[in-house]
Amino acid sequence: MKHLFTLLLFIGLTHHSIADTHTVNAGGFYYNPASITISIGDTVVWINDGGTHDVNGAVDAQTGQPYNNPESFNSSATSIQGATIYTHIFTIPGTYNYDCSVGNHASQGM
């Protein structure tokens, strides 16, 4: 299961001047929410609900193929419950895929 972030650049009619922060929780083989739409300049913060997890937006942990995201991102793994796994400000529009590259988490739906 791939997780998507669609970054929307609103031109003309819509003006988004204040960046938002979105939280994605990670735990027992899930990211929640599994998909979100954000705007340019928004921040996404991944929080560890339990277990050991990372945020891998570089190479698909199942196939070994690059995600070809507009920009790559990758975090270290953490096992600290409640800790921030990773924070990223998205400045390039597009669709982003990521997974957890720890063990078999990606193949388990993460």
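Contact means heavy atoms within 4.5 Å. The model is predicted: local features need pLDDT of at least 70, side-chain atom pairs count only at pLDDT 80 or more, and totals for chains, interfaces and linings use all residues. Residues are numbered from 1 along each chain as its sequence is written, and side-chain values use heavy atoms, with hydrogens and water left out.

**Figure 1. Surroundings of Ser75 in the loop between strand S5 (43–48) and strand S6 (84–89).** Strands (E, at least two residues) and helices (H or I, at least four) are DSSP runs, numbered from the N terminus. Not counting residues up to four places away in sequence, Ser75 touches Asp54, Val55, Ile85 and Tyr86. A polar atom of the Ser75 side chain lies 2.8 Å from the backbone nitrogen of Val55. Ser75 counts as buried because its relative accessibility is 12%; the term means under 20% relative accessible area, with exposed over 50% and partly exposed in between (1.4 Å probe, protein chains only).

**Figure 2. Surroundings of Val55 in the loop between S5 and S6.** With 0% relative accessibility, Val55 counts as buried. Its contacts, not counting residues up to four places away in sequence, are Tyr31, Trp46, Phe73, Asn74, Ser75, Ile85, Tyr86, Tyr98 and Asp99. Val55 and Phe73 are 18 residues apart in sequence, and their C-alpha atoms are 7.8 Å apart in space.

**Figure 3. Aromatic pairing of Phe73 and Phe90.** Rings of Phe, Tyr and Trp (its six-membered ring) pair if their centres lie within 6.5 Å; planes under 30 degrees apart count as stacked, over 60 as edge-to-face and the rest as tilted. The structure holds eight aromatic pairs. In the pair of Phe73 and Phe90, the ring centres are 5.6 Å apart and the planes stand at 85°, so the arrangement is edge-to-face. Phe73 lies in the loop between S5 and S6 and Phe90 in the loop between S6 and S7, so the pair ties together parts that are 17 residues apart in sequence. Phe73 is buried, with a relative accessible area of 2%, and Phe90 is buried, with a relative accessible area of 0%. One aromatic cluster is formed by Tyr31, Trp46, Phe73, Tyr86, Phe90, Tyr96 and Tyr98.

**Figure 4. The open sheet of four strands, in the order S3-S2-S5-S6.** Two strands pair if DSSP finds at least two bridges between them. The pairing in this sheet is mixed. S3 and S6 are the edge strands, each pairing on one side only. From one strand to the next, the twist averages 20° (axes are lines fitted to C-alpha atoms, for helices over the stretch in contact, and angles run from 0 to 180 degrees between N-to-C directions). Strand S2 (residues 21–27) and S5 pair in the parallel sense over six bridges, and Thr23 has Val45 in S5 as its bridge partner. S5 and S6 pair in the antiparallel sense over five bridges; Thr43 stands opposite Ile89 in S6.

**Figure 5. The hairpin of S2 and S3.** S2 pairs with strand S3 (residues 30–32) in the antiparallel sense over three bridges. Asn25 has Asn32 in S3 as its bridge partner. The hairpin has two residues between the strands, and Phe29 takes a positive phi near 70°.

**Figure 6. Surroundings of His105 in the segment after strand S7 (94–98).** The side chains of His105 and His53 make a polar contact (3.2 Å). Such a contact is a pair of N or O atoms within 3.5 Å; within protein, one must be able to donate a hydrogen and the other to accept it, and residues adjacent in sequence count only if both atoms are side-chain atoms. His105 touches Phe29, Thr52, His53, Cys100 and Met110, not counting residues up to four places away in sequence. At 13% relative accessibility, His105 counts as buried.
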